Every structure is written in structure tokens, then in C-alpha cells.
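Biologist: I should be grateful for a close look at one part of this structure, namely its principal nonpolar core, described residue by residue and set against the rest of the chain.

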Amino acid sequence: MSAKGSGFTIRTSLSALVVTCIVPTLVTTIFLVFHAYDSERLRSDQRRVETARALMQAVDRELSSGEGTLEALATSPYLTSGDLQSFRAQLEDVQRYRPNNNFVLSDGNGQQLINTLLTPGSVLPRHGNPEQLRKVFEIGKPVISDLYLGGVTRRPIISIDVPVIRGNKVVYDLSMGFQPAYLGEILQVQRVPSDRLIAIFDSKGVAVARTWLPERYVGHMGAPQLVKRMQEVAEDSIDNVSVEGIPLVSSFSRSSVSNWTVAIGVTKQANLHQLWLSIGWIAGVAALSMLAGLALAALLAERIRRPIHALQAPAEALGLGKPVTMPTLRLKEANDVAQVLVKASQLLRQRTDERDLAAKAEREMRTIKQRLEHSEAFQRRIFEEAPNAIILVEPSGRIVRANAEAERVFGYSGEELLRLRVEDLVPEESTGRHQALRESYSEHPARRPMGTDGNLYGRRADGSVFPVDVMLSPLQLSEGTLTIATVRDITDLRRHEEQLGSALREKETLLKELYHRVKNNLQVIASMISLQERSMAGDATRIALKEAADRVSAMALVHEKLYQSGNLSSIALDEYIADLCKRLGDAAGAGEHGIRLDTEVEAVQIGLDLAVPLGLVLNELVSNCLKHAFPGGRQGRILVRLERMAMHAMRLTVADDGVGLPPGMTPAASTTLGLKLVTALAAQLDAEFSLESQQGTVATFTFPIPGQERI
């Protein structure tokens, strides 16, 4: 008799063991997922705060630029002399460089004396923000206003007011006004996605500029919860509802200079979607790990079950007196039992030899058949589950087999593909060329990619064309050679490459705009210094102002070269030296006085950190030669040479054949600002500077250029 129990199977027991081991890991993984969610949200909030801080700094720079312009204008001698007509002309000259601004001059009673929005002789109203006017006269310092209604335009404006001080007393208020839309342009260049809102608020929480519906909400208070929090702390991230009624996650940064605030809000739905995308891989890895554990348990259970199950038939055969044959079992204990059964069966083999041989042959054939079927099924599954489309093609071009991915990619069913030729899967204009290439490949089959230019396209059942990547491999069979074509749809890859190219072009555009604005600001400063120079009476003061303007122009030329360069990170030093020397020579009238200015420079690229101080050094040395080397109409030559001294060092030489240095003159003993500036810049650049008299004057400036190579 035999008894059958209903206990646990080996497969069930191993699966339960794996689940028991996985549960703690699963709990830990869930905790890590939620922890990663919180951490990612904090990082997301911090990134928005940093972006808001950077935008606020850009706004502060714009306000500081306007404040600097007003402070320079407040020193005008026309205000001292009371010549308001000439001062208005000076304001109009400056306004040509700042077309988005208007200027207003008011007295202590709030009466406007000059307003560039109105023509001369017009009746001028009172100052549009009397509280700000009173504050300027009380504290005697610049004040940046909140949004208020302009006295002339009767529209919301922002103004910067600076005091005009004479004899330690505020005598006028000089104001610069601009429309909120001017600051809104700073937000527009950010290319803000539609699910994000950026807004600029004044110190009271009134919206000065914003990306959503600015025409409706600029000039109105922001969301109450956000405004309240902005007045409590300088930077933070909160959940709030926008004035449009949209739930947001908002981050903000308040300026310590203007007390204004930039806030960035992202819709809660978009923020949540982004957070889960960033941590989704953790949940995926956990799920895959659990599935892998269960699959491994099933595999091990099957490997144990098969040897034990294989013992059942031999044991029964032995009991019935039948021949016993045992294959090698992978489980040692089962194999030991099998050996015992084999030894027992040998006692019966003498009487059942012929029957044993026949049974053995039958079992061997059955085993081989099973292995062949398993191998075929395994290979078929690999073929069908491949991530890329696989097509087998005869030399005639007829498709003989295709996997499921090929059906999905090309939009045909399996039966439809077997009725097609491979040329039916390429664009119509390429069928002739493709047939010639196929015939050529059939003559010389080898494993290689198809095409060399990367511009391959496939054609779907609906006629649509898409980019592909194709790998060809020959398959040698007894009846002939087939071609295995592995096809990959690279539409997403092409789209990603285009997005990367677009992002790179946007970055280059922003850098060019930055260099262009810096150059323009430096040129404005140089122009303002030149205006001031023309209004000064003393020669020494005018010379000092001209030298300052030349130094600013030298720095502006560096940014102009960076703006014009191809890589935006360095400039050609040889071109910069030639341009700067020509400008200095033309400004001093060197050609008219018989002074020849020559350059001999090697081609080398340098960065902004080296170009600015080097330009100031060259400006001082060449200017000194032009001013002092050829007195009394004397003619001569100035040579500027740049040569490489070592792998990472260059030497700049400025030499003239003029009258030479005064007796005892050295850089250390000089009291002039120019040579002091050169000496200070030499220390800053870790350079060596010398000044000698050798049939004229020779100045050498040897400086390191780490990481630069000869061009």
C-alpha cells in the first residue's frame, strides 16, 4: 500500500523562504522611497530658491546700474551752477543709452524742474511719489521705490531717486523711472515652462512683473499667504494658491538691497509628477529584485524536484522487475539513491538484457527530442522577446521570418510581413538603391552595420517614415545563406539629440547677450567719463578722466572680443593687442605726429581673467610711450611684441626709441597712477615687470598662462 500526504511541496517551501527574506527588504525599500521623496522635494525647493536668488540678483544689478547712472549725473557741474537747460541736454544724451527710462529733477517742495517725458517749457506736475521724495531729502541717500502711479503718465511705474548734495545739503532729487514691463523682459528671456510662474514683488508685496497674465495682475497684491511669508523671512518654499486660484509650490528670495522679492511657483501636479519620476527607479529596482527572488526560488525548487521526481519511475520499475536506467542527476542525494537503484537493477539485467536495451534506446530518443524541443522553444523565445526588430531575409529579398517587435515597429501582422519583400519596408524613393545594396551584400556577406552616413529610414504600413539603425549578419544554413537584419527605431534618440543641440544654442545666446551687455555698460561708463571730462576746467583733472576712460575702453574691448569669438570663453590675444594699439594710436594722433606703432605678436587664446588685467597693462605702457617718449614733435617708433618664453609663460615687451627714462626712474619709485597700476597687476598675475632705458625705453611684462597651448 502507498500513502499520499498533502504537505508542502519543495517549490512552495522555497518560495515561502524567499518571501520571508524579502519582506524586511521590501519594508526598508518602501521607507527609502518615501525618504527619497522627501529629500528630492527639499532639493527641488532649494533649486527653485537658488534660481529665484539668481533672478533677484539680476534685478538688483539692473537697479544698481540705474542708481550708478543717477549718482554720476548728480555730480554734474550744471546742477552746481544752476544751468538746468544744459543739465537737461546732458540727461537727454544719457537717455539715448537708456531708452526705457525717463529722468525727473525735483526741488525740496516736490515741484518737478525737469521731466524728459515732457518738452521744454511744458507745465510740470509735482513729484508722483511725495513720500519717497521726503525720504530722499531726510536721509540723503538713494531710495528705490515700490510700484506707484506716475505723475505724468498716470500709469504704474518704478523709480530710483538719488539726492543731489551741495555743501552737505540735499538741494535736488534726481529720479529715474521705468515701466514694470522693462523688468518683465528679464523674466521673458528665461523661457519659463507653462506650468511655472515667476513674479517680481516690491517691498509691499505688489506684483511688479510676472509671467502669467501680467496685463491683469501687475500692480495688484500677490497671493496673501505668499506675501505674508515673504515679509517674515528672506527665503523659503511654501504651498499656496496663486491669485488665479491655481495650487502652487512656491519658492522665493528677497533682496537685502532693494527689499524686493522674486518668487517662482510650479503647479502642484507638475511638481509631484517630477518628484515621482526622479525616485521611480527605486521602486522599479525593488519590484525587479522581488520578482527575481521569486523566480530564483522557482528555479531552485524545479532543480530539486526534477531529480527527486526522476527517482520515482526507476523505483517503481525495480519493484516490478523492469530494467532501471538513470541519467546523472544534479542533486547529490538523489544521485546516491539512483546509484543504489542502478546497482539493484543490475541483478535483474541478466534475464532482461534485450528488453533493457530497447527501453534504454527509447528513453534516450525521448530525452534528445525533449532537449531539441526545449532548445527550439528557448531560441524562439529569445527571437520573439528581443528588444529590437529582427527580420530574416532570403537573397531574393523575401522576408521569411520576423519577430513581434518587427510587427510593432512596422505596423504589419506576422502573416503580412511574410508576404512582403524587404524593399517594402524602406521609403519608396530608396527601394532601387536598397535592392542594389542587398544584392551586393549577398555576394560578400559579413556582420556589419548597414549604411555609413547614419541616414537610414524605414516605412511603416501606414506609409509614415521613421529613422532607423540597422545591423546585418549572415546566417549560414544547409539550404543557403539568410541575412539577419536587426532594426532599431531611433526616433526618440534623434529627438533627444535635437533637444540637446537647442539647449546648447540657448546657452551660447545667453553668454553672448551677457558679454554684449557688459561691453555696452562699460562703453556707457566710458562715455559718461568723457562727458565729465569735457565739463572740467583743469588740465590735470581732464587728463586723469581721459586715462580712466581709456582703461574702461580697454576692458570693454575684452568683452567685445569675447562677444565676437566662436567659443565665448577666450579671445585671440594677438587680435586684441592689435586692435587696442590701433585705437590708442588713433586717439593720440600717432600717425599725424610721425610716430609708428608696430606689433609683433604670437597667436594665443586667453580667458577673461587674464585678458582684462593684461589689457590694462598694455593700455598704460603704450599710453606712456605716446605721451612721454617723443616730446617737442620728435618722431619715432613704438614696438609691441608678444612672445612665448616657455610652455606656459609669455613675455609682453613695449619698446620705443624716444628720449628714455628720467635719471633714477624705477617702477617702485614711481608716483604715477599708471605705473602703480601695472605693478599691482603684475603682483595679481604672479608676473615679472621691469622698466629700463636702452636707446629709448623698454618695458617687459612676463606672465604665466596655465593650461594654454600654441595655436
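Modeller: I begin with two aromatic residues of that core: Phe689 is buried, and Phe701 is buried as well. The model is a predicted one, and everything that follows is computed from it. The ring centres of Phe689 and Phe701 lie 6.4 Å apart and their planes meet at 55°; an angle between 30 and 60 degrees counts as tilted, so this pair is classed as tilted. The pair joins distant parts of the chain, since Phe689 belongs to strand 23 and Phe701 to strand 24, with their positions 12 residues apart in sequence.

Phe701 also pairs with Phe703. Here the centres are 6.2 Å apart and the planes stand at 40°, so this pair is tilted too. Phe701 and Phe703 are both buried. Taken together, Phe689, Phe701 and Phe703 make up one aromatic cluster. Over the whole structure, the search returns three aromatic pairs.

The cluster can now be placed in its surroundings. The largest nonpolar core numbers 41 residues, and Phe689, Phe701 and Phe703 are listed with Leu573, Leu618 and Leu652 as the residues with the most contacts inside it. The elements that each contribute two or more residues to this core are helix 16 (573–588), helix 17 (608–628), helix 18 (673–684), strand 21 (636–646), strand 22 (649–656), strand 23 (688–693) and strand 24 (697–704). Helix 17 supplies the largest share, with 10 residues.

Helix 17 therefore merits separate attention, as 16 of its 21 residues are buried and the helix is mostly covered. Its geometry can be checked by length: at 1.5 Å a residue, its 21 residues should span 30 Å, and the end C-alpha atoms are 30 Å apart, which agrees.

Helix 16 meets this part of the chain through two leucines. Leu573 is in contact with Val604, Ile606, Leu614, Leu642 and Phe703, once its neighbours within four places in sequence are left aside. One of these partners, Phe703, is also a member of the aromatic cluster. Leu584 likewise lies in helix 16. With a relative accessible area of 8%, Leu584 falls under the 20% limit and is therefore buried. Not counting residues up to four places away in sequence, Leu584 touches Leu618, Asn619, Val622, Ser623 and Leu626. The C-alpha atoms of Leu584 and Ser623 are 7.0 Å apart, although 39 residues separate the two in sequence.

At the edge of the region, Asp686 occupies the loop between helix 18 and strand 23. Its phi is positive, about 60°, although the residue is not a glycine. Asp686 is exposed, with a relative accessible area of 63%, whereas Phe689 is buried. A comparable case occurs elsewhere in the chain: Asn168, in the loop between strand 5 (156–165) and strand 6 (170–178), has a positive phi near 60° and is likewise not a glycine. Asn168 is exposed, with a relative accessible area of 81%.

For context, a second and separate core holds 38 residues, including Leu55, Val59, Leu73 and Trp260. Thr261 is located in strand 11 (residues 261–267). Thr261 is buried, at a relative accessible area of 3%. Setting aside neighbours within four places in sequence, its contacts include Met56, Ala199, Phe201, Met230 and Phe252.

Two further sites complete the comparison. His309, in helix 8 (residues 268–319), is partly exposed, with a relative accessible area of 47%. His309 and Ala334 are 25 residues apart in sequence, and their C-alpha atoms are 9.2 Å apart in space. Another aromatic ring, that of Phe466, has the charged end of Arg460 sitting over it, 3.9 Å from the ring centre.

Finally, the chain as a whole comprises 18 helices and 24 strands. Of its 711 residues, 40% are buried. Among contacts with a separation of 6 or more, 55% join residues 24 or more positions apart. The accessible surface of the chain is about 40,400 Å², and carbon and sulfur atoms account for 55% of that surface.

Key: Residues are numbered from 1 along each chain as its sequence is written. This is a predicted model: local features need pLDDT of at least 70, side-chain atom pairs count only at pLDDT 80 or more; totals for chains, interfaces and linings use all residues. Side-chain values use heavy atoms; hydrogens and water are left out. Helices (H or I, at least four residues) and strands (E, at least two) are DSSP runs, numbered from the N terminus. Buried means under 20% relative accessible area, exposed over 50%, partly exposed in between (1.4 Å probe, protein chains only). Contact means heavy atoms within 4.5 Å. Accessible areas come from the Shrake-Rupley method with a 1.4 Å probe; for residues, only the protein chains shown count as cover. A nonpolar core is a set of buried Ala, Val, Leu, Ile, Met, Phe, Trp, Tyr and Cys residues joined through side-chain atoms within 4.5 Å. Rings of Phe, Tyr and Trp (its six-membered ring) pair if their centres lie within 6.5 Å; planes under 30 degrees apart count as stacked, over 60 as edge-to-face and the rest as tilted. A charge sits over a ring if NZ of Lys or CZ of Arg is within 6 Å of the ring centre and within 35 degrees of the ring normal. The expected span of a helix is 1.5 Å times one less than its number of residues.
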